[in-house]
Amino acid sequence: ASVTSMMCNTDYEDSLFQFGATVNIRKIPNVVVNPSVIDGKINWQVMIDSQVQLQINYAYDAAVIISDIQYAQMDVNLQGAIINEMAQRLRIVIETVILGGAYASATTTETSVDWRTAGNPTAAITQSNADLDNLNIPSEDRYVVISPNAAMYLRRESTLYALNSGNPKGALINGFVGDYDGASVYKSTLLTGTGA
């Protein structure tokens with residue numbers, strides 16, 4: 001039920017052999033476009049192999065013992081409730097790590113209070129998308145994660161939101177708020193960035 005499961009992929013899961021392992025993810029190289037001269041020499045570019053290294057350095061577990069006596073005397077499904085609580089706690093840990101890591105690794109930030117004030121989350125989302133466009137970041141798979149308060153303000157902007165969300169009622173499923181200005185918008189209480 002984590003919003004990160006909708007933003008992250010499992011493409012490299014087969015390479016995750018053990019804790020402490022490193023997965024090398026190949027990056028698409030930057031291609032240089034040169035002016036062409038008729039009958040002139042072609043300037044060949046030597047591709048330089050570059051990669052992102054994914055460190056497998058997080059591991060979490062949880063365990064609870066239910067005695068035979070407790071199990072026999074249960075008047076509620078305690079086992080199911082405990083399993084659900086473990087899943088919820090694990091979701092919180094994973095979401096905090098991933099969202100915090102994404103914020104920490106950002107190369108460009110912009111400080112704005114638009115996310116926190118009524119009538120302005122749409123301005124903040126469209127500004128963010130414009131900033132990404134200006135950096136020539138591909139428009140596929142863009143995500144916006146906002147606080148519950150920012151999601152509330154966004155839903156209040158009913159006309160703009162209904163026209164742009166792709167979901168007339170703004171279905172809130174697993175934190176999914178809707179699509180806006182080409183980005184999938186999610187809400188989370190676990191955003192850890194400050195100011196920017």
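Is tyrosine 58 buried or exposed? Tyrosine 58 is exposed, because its relative accessible area is 52%. Here, buried means under 20% relative accessible area, exposed means over 50%, and partly exposed is in between (1.4 Å probe, protein chains only).

This is a predicted model, in which local features need pLDDT of at least 70, side-chain atom pairs count only at pLDDT 80 or more, and totals for chains, interfaces and linings use all residues. Residues are numbered from 1 along each chain as its sequence is written, and side-chain values use heavy atoms, with hydrogens and water left out.

## Aromatic pairs

Rings of Phe, Tyr and Trp (its six-membered ring) pair if their centres lie within 6.5 Å. Planes under 30 degrees apart count as stacked, over 60 as edge-to-face and the rest as tilted. By this rule there are three aromatic pairs. One of them joins tyrosine 58 and tyrosine 60. This pair is stacked, with 6.4 Å from centre to centre and 20° between the planes. Tyrosine 60 is partly exposed, at a relative accessible area of 47%.

Phenylalanine 176 and tyrosine 186 make a tilted pair, because their ring centres are 5.4 Å apart and their planes stand at 55°. Phenylalanine 176 lies in strand 4 (residues 176-180), and tyrosine 186 lies in strand 5 (residues 183-187). The pair therefore ties together parts that are ten residues apart in sequence. Strands (E, at least two residues) and helices (H or I, at least four) are DSSP runs, numbered from the N terminus.

Both rings are out of the open. Phenylalanine 176 is buried, with a relative accessible area of 17%. Tyrosine 186 is buried too, at 5%. Tyr143 joins Phe176 and Tyr186 in one aromatic cluster.

## The sheet and its helices

Strands of a sheet pair through backbone hydrogen bonds, either parallel or antiparallel. Two strands count as paired here if DSSP finds at least two bridges between them.

What is the strand order of the open sheet? The order is 3-5-4, in a sheet of three strands with mixed pairing. Strand 3 (143-146) and strand 4 are the edge strands, and each pairs on one side only. Neighbouring strands of this sheet are turned by 25° against each other on average, direction ignored. Strand 3 pairs with strand 5 in the parallel sense, over four bridges. Valine 144 has valine 185 in strand 5 as its bridge partner.

Helix 4 (residues 121-134) packs on the sheet. Helix 4 touches strand 3, strand 4 and strand 5, and its direction makes about 60° with that of strand 4. Contact means heavy atoms within 4.5 Å. Axes are lines fitted to C-alpha atoms, for helices over the stretch in contact, and angles run from 0 to 180 degrees between N-to-C directions.

Helix 5 (residues 148-156) lies across strand 3, strand 4 and strand 5. Helix 5 runs at about 110° to strand 3. The axes of helix 4 and helix 5 come within 8 Å and cross at roughly 105°. That makes helix 4 roughly perpendicular to helix 5. The cut-offs are under 35 degrees for roughly parallel, over 145 for roughly antiparallel, 65 to 115 for roughly perpendicular, and oblique for the rest. In helix 4, Pro121, Thr122 and Ile125 meet Ala150, Tyr153 and Leu154 of helix 5.

## Salt bridges

Side chains of opposite charge can pair when their charged atoms come close. A salt bridge is a side-chain nitrogen of Lys or Arg within 4 Å of a carboxyl oxygen of Asp or Glu. How many salt bridges does a search of the whole structure find? The search finds four. The table includes some of them.

| Acid | Base | N to O distance |
|---|---|---|
| Aspartate 49 | Arginine 26 | 2.8 Å |
| Glutamate 85 | Arginine 89 | 2.7 Å |
| Glutamate 95 | Arginine 91 | 3.1 Å |

The pair of aspartate 49 and arginine 26 links distant parts of the chain, 23 residues apart. Aspartate 49 sits in the loop between strand 1 (22-26) and strand 2 (51-55), while arginine 26 is in strand 1. Aspartate 49 and arginine 26 are both exposed.

Glutamate 85 and arginine 89 are separated by about one helical turn, because they are four residues apart in helix 3. Glutamate 85 is partly exposed, at 39% relative accessibility.

Arginine 91 and glutamate 95 are also four residues apart in helix 3, so about one helical turn separates them. Arginine 91 and glutamate 95 are both buried. Helix 3 covers residues 78-104. Glutamate 95 has 2% relative accessibility, so it counts as buried. Leaving out residues up to four places away in sequence, glutamate 95 touches Ser2, Val3, Thr4, Gly100, Ser188 and Leu190.
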